[in-house]
Amino acid sequence: MICQLRIIQIYQNMTSLKGNHIINLALLPKKPIIVDAGACIGEVSKHLKKLIPASKIFAIEPDKENLKKLREVKGIKVIAAALVGTKREVKYKPVSGKPKWGKLSETEGYIVNTVTLDMFKKIDYLKMDIEGAEKDVFNNLTQETADKID
């Protein structure tokens, strides 16, 4: 019974964001540092900023077309790059859709800047929707960087 009540408490604090993303706002500090990797056109970043005005949001996105819209979102820091596990030269190949989405490639597409999670001093909430590159990020995550993520 206690377990069921705890699950209900956790569920009641959950807030649905755009797409398949949910967040428990009760677990975040008053001024959280949020990283939105694969920010696309900024729907999740915009929603988070509205929910938590004091938040500092870093929106990471490599797609040239999506970046135009993303830069219109007020109150966030846009990073025009792809999130990867280790800094290296990669190419981004747009695939399809409105807004655009694509995948990283070693051979096809256009060269994009890359960033890693170790660039952040602290992360209170990490949202990653980076089309399969999550494995690269987690496989190369150091303990020092992991310790910065709450």
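Ser 96 has Trp 101 as its bridge partner in strand 8, and this pair is a good place to enter the predicted model. Strand 7 and strand 8 are joined by five bridges and run antiparallel. On its other pairing, strand 7 (residues 90-96) meets strand 9 over three bridges, again in the antiparallel sense. Two of the residues to look for here are Tyr 92, which stands opposite Tyr 110 in strand 9, and Lys 91, which stands opposite Ile 111 in that strand.

Put these pairings together and you have an open sheet of three strands in the order 8-7-9, with antiparallel pairing. Strand 8 (101-105) and strand 9 (110-112) are the edge strands, and each pairs on one side only. If you look along the sheet, neighbouring strands are turned against each other by 45 degrees on average, direction ignored.

Now turn to the other sheet. Four strands make up an open sheet with the order 5-4-3-11, and here the pairing is parallel. Strand 5 (76-80) and strand 11 (125-128) stand at the edges with a single partner strand each, so one side of each is left without a neighbour in the sheet. From one strand to the next, the twist averages 15 degrees. Inside this sheet, strand 3 (residues 33-37) and strand 4 (residues 56-61) run parallel and are joined by five bridges. You can find one point of this pairing at Asp 36, whose bridge partner in strand 4 is Ala 59.

What lies across these strands? Helix 2 (residues 43-51) does: it lies across strand 3, strand 4, strand 5 and strand 11, and runs at about 175 degrees to strand 4. Which residues of helix 2 are buried? They are Val 44, Ser 45, Leu 48 and Lys 49. Seen down the axis of helix 2, the buried residues fall within an arc of 135 degrees, so they line one face of the helix. The cover over these buried residues includes strand 2 (22-24) as well as strand 3, strand 4, strand 5 and strand 11.

Glu 43 also belongs to helix 2. Is Glu 43 buried or partly exposed? Its relative accessibility is 32%, and because buried means under 20% and exposed means over 50%, Glu 43 counts as partly exposed. Glu 43 and Leu 70 are 27 residues apart along the chain, yet their C-alpha atoms are separated by 8.5 Å.

The loop between strand 3 and helix 2 holds Cys 40. This residue has a positive phi of about 60 degrees, although it is not a glycine. As background, most residues other than glycine have a negative phi. Glu 131 also has a positive phi, near 50 degrees, and is likewise a residue other than glycine. You will find Glu 131 in the loop between strand 11 and helix 4 (134-139). With 33% relative accessibility, Glu 131 counts as partly exposed.

Next, the interior. In soluble globular proteins, nonpolar side chains tend to be buried together. Here the largest nonpolar core has 15 residues, and those with the most contacts inside it are Ile 60, Ile 79, Leu 83, Phe 120 and Ile 130. Strand 3 and strand 4 are the elements that give two or more residues to this core. Apart from it lies another core, of 14 residues, including Ile 34, Ile 57, Val 73 and Ile 76. To trace the contacts of one core residue, take Ile 130: leaving aside its neighbours within four places in sequence, it is in contact with Ala 37, Gly 38, Leu 83 and Val 137.

Finally, step back to the whole chain. The protein chain has five helices and eleven strands. Of its 150 residues, 37% count as buried. Among contacts between residues at least 6 apart in sequence, 54% join residues at least 24 apart. The accessible surface of the protein chain comes to about 9,300 Å², and carbon and sulfur atoms account for 54% of that surface.

Technical notes
Residues numbered from 1 in each chain as written. Predicted model: local features only at pLDDT ≥ 70, side-chain atom pairs only at ≥ 80, totals over all residues. Heavy atoms only, no water. Pairing = 2+ DSSP bridges. Axes fitted to C-alpha atoms, helices over the stretch in contact; angles between N-to-C directions. Contact = heavy atoms within 4.5 Å. Core = buried A, V, L, I, M, F, W, Y, C linked by side-chain atoms within 4.5 Å. Buried < 20%, exposed > 50% of the residue type's maximum accessible area, 1.4 Å probe, protein only. Areas by Shrake-Rupley, 256 points an atom, 1.4 Å probe, with all protein chains shown as cover. Arc of directions from axis to C-beta.
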